[in-house]
Amino acid sequence: MQNTTVRAGETITLTCAVAGNPTPSVSWSKAGSGHSTSGNVFTKAGATKADTGQYVCTAVNTVTGNTQTRTASTYVIVKYIPSILPTPPDETVNETDSLKLTCTSDGYPAPTVTWSRDGVVVSRTSVYYSNSVTRSEAGTYTCTATNEMGSDATTVQVTVNYKPEMESSTNRDTSSWDRKVLSLQCKARGVPSPHITWYKPGGQPI
């Protein structure tokens with residue numbers, strides 16, 4: 001018998017044509033299931049991936065007191081939509097560290113997997129790897145697994161920490177009248193957001 005291929009949700013129908021005198025009794029069984037179904041036609045509605053496997057047709061009769069048994073088998077393949085399990089965790093790394101994102105998927109036919117960052121494909125495999133990550137690699141990554149049955153996707157948020165950098169500051173001497181407001185400016189960027197502290201002459205924090 002040839003392999004039988006169905007899509008998830010469809011009905012599996014297997015037919016075993018037999019002949020003999022006396023007429024054989026016929027049954028179907030799935031290998032390893034431990035139970036059988038009588039009749040030369042086997043049907044199962046709502047196929048799932050668990051129904052994939054080898055099915056055996058067994059025909060038995062008795063000729064001149066001797067039991068005669070013949071078997072034939074077919075392999076049932078159930079096509080099903082991909083699923084991504086488990087969901088990859090969000091990642092926080094320091095700039096120049098390595099970054100590795102792994103996406104594990106299941107489906108038949110075997111899914112093709114891609115990683116994209118903010119809508120742009122960055123890897124056409126199940127693994128995205130950066131040997132020395134930069135802050136530009138921070139963002140939302142999406143793993144997508146696709147086959148002819150459909151697709152599944154999940155997102156991972158990547159945060160890249162980097163040390164504070166000055167954006168702007170008051171870089172000239174500033175004077176003010178006694179008891180008047182003195183305004184000094186200091187802006188810095190970094191991840192996590194930097195905490196800014198001003199110090200008086202002599203090193204005392206304000």
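Is T96 buried or exposed? At 54% relative accessibility, T96 counts as exposed, since the cut-off for that label is over 50%. Keep in mind as you read on that this is a predicted model. T96 is a good place to start, because its backbone also stands out: its phi is positive, about 80°, although the residue is not a glycine. You will find T96 in the loop between β8 and β9.

A second residue invites the same kind of look. D118 is not a glycine either, and its phi is near 50°, a positive value. D118 sits in the loop between β11 (112–117) and β12 (120–123). With a relative accessibility of 54%, D118 counts as exposed.

While we are on the backbone, let us turn to the peptide bonds. A cis peptide bond links N21 to P22, with omega at about 0°. The proline of that pair, P22, belongs to the loop between β2 and β3. Another cis bond runs from L85 to P86, and here omega is near -10°. P86 is part of the loop between β7 and β8 (91–94).

Now step back to the overall layout. The protein chain is divided into domain 1, covering 4–80, and domain 2, covering 82–162. Their C-alpha centres lie 42 Å apart. Where the domains touch, the contact takes 7 residues from domain 1 and 8 residues from domain 2.

How much area is buried between domain 1 and domain 2? The size of an interface is often given as the accessible area lost when the parts come together. Between domain 1 and domain 2 that area is about 650 Å², and carbon and sulfur atoms give 51% of it. On the domain 1 side, R7, K79 and Y80 supply 79% of the area buried against domain 2, more than any other three residues.

The polar side of this interface can be followed atom by atom. The rule finds 3 salt bridges across the interface of domain 1 and domain 2. R7 forms a salt bridge with E148, and the closest N and O atoms are 3.9 Å apart, which falls inside the 4 Å limit for a salt bridge. Between the two domains there are also 5 residue pairs in polar contact, counting pairs with both residues at pLDDT 80 or more. Strand β7 (residues 66–84) gives the most to the side of domain 1 that touches domain 2, with 4 residues.

K79 is a residue of that strand, β7, and it rewards a closer look. The side chains of K79 and E148 are joined by a polar contact of 2.9 Å. E148 therefore appears twice in this account, as the salt-bridge partner of R7 and as the polar partner of K79. Leaving aside neighbours within four places in sequence, K79 is in contact with T5, V6, R7, A8, Y108, P109, E148 and M149.

Let us finish with the covalent links between side chains. How many disulfides does the structure hold? The structure holds 2 disulfides, and with bonded cysteines counted along the chain they follow the pattern 1-2, 3-4.

One disulfide joins C16 to C57, with an S to S distance of 2.0 Å. The torsion about this S-S bond is about -85°, so the disulfide is left-handed. C16 lies in the loop between β2 (12–15) and β3 (25–30), while C57 is in strand β6 (residues 53–63), so the pair ties together parts that are 41 residues apart in sequence. Both ends are buried: C16 has a relative accessible area of 4%, and C57 has 1%.

The other disulfide joins C103 to C143, and here the S to S distance is 1.9 Å. Its torsion is about -85°, so the C103 and C143 disulfide is left-handed. C103 lies in the loop between β9 (99–102) and β10 (105–108) and C143 in strand β14 (residues 139–147), so this pair ties together parts that are 40 residues apart in sequence. C103 counts as buried at 3% relative accessibility, and C143 is buried with a relative accessible area of 0%.

Conventions:
Residues numbered from 1 in each chain as written. Predicted model: local features only at pLDDT ≥ 70, side-chain atom pairs only at ≥ 80, totals over all residues. Heavy atoms only, no water. Disulfide = S-S within 2.5 Å. Helix = DSSP H or I, 4+ residues; strand = E, 2+ residues; numbered from the N terminus. Buried < 20%, exposed > 50% of the residue type's maximum accessible area, 1.4 Å probe, protein only. Domains from an automatic or database assignment. Contact = heavy atoms within 4.5 Å. Buried area = accessible area lost by both parts, 1.4 Å probe. Salt bridge = Lys/Arg side-chain N within 4 Å of Asp/Glu carboxyl O. Polar contact = N/O pair within 3.5 Å; in protein donor to acceptor, adjacent residues only side chain to side chain.
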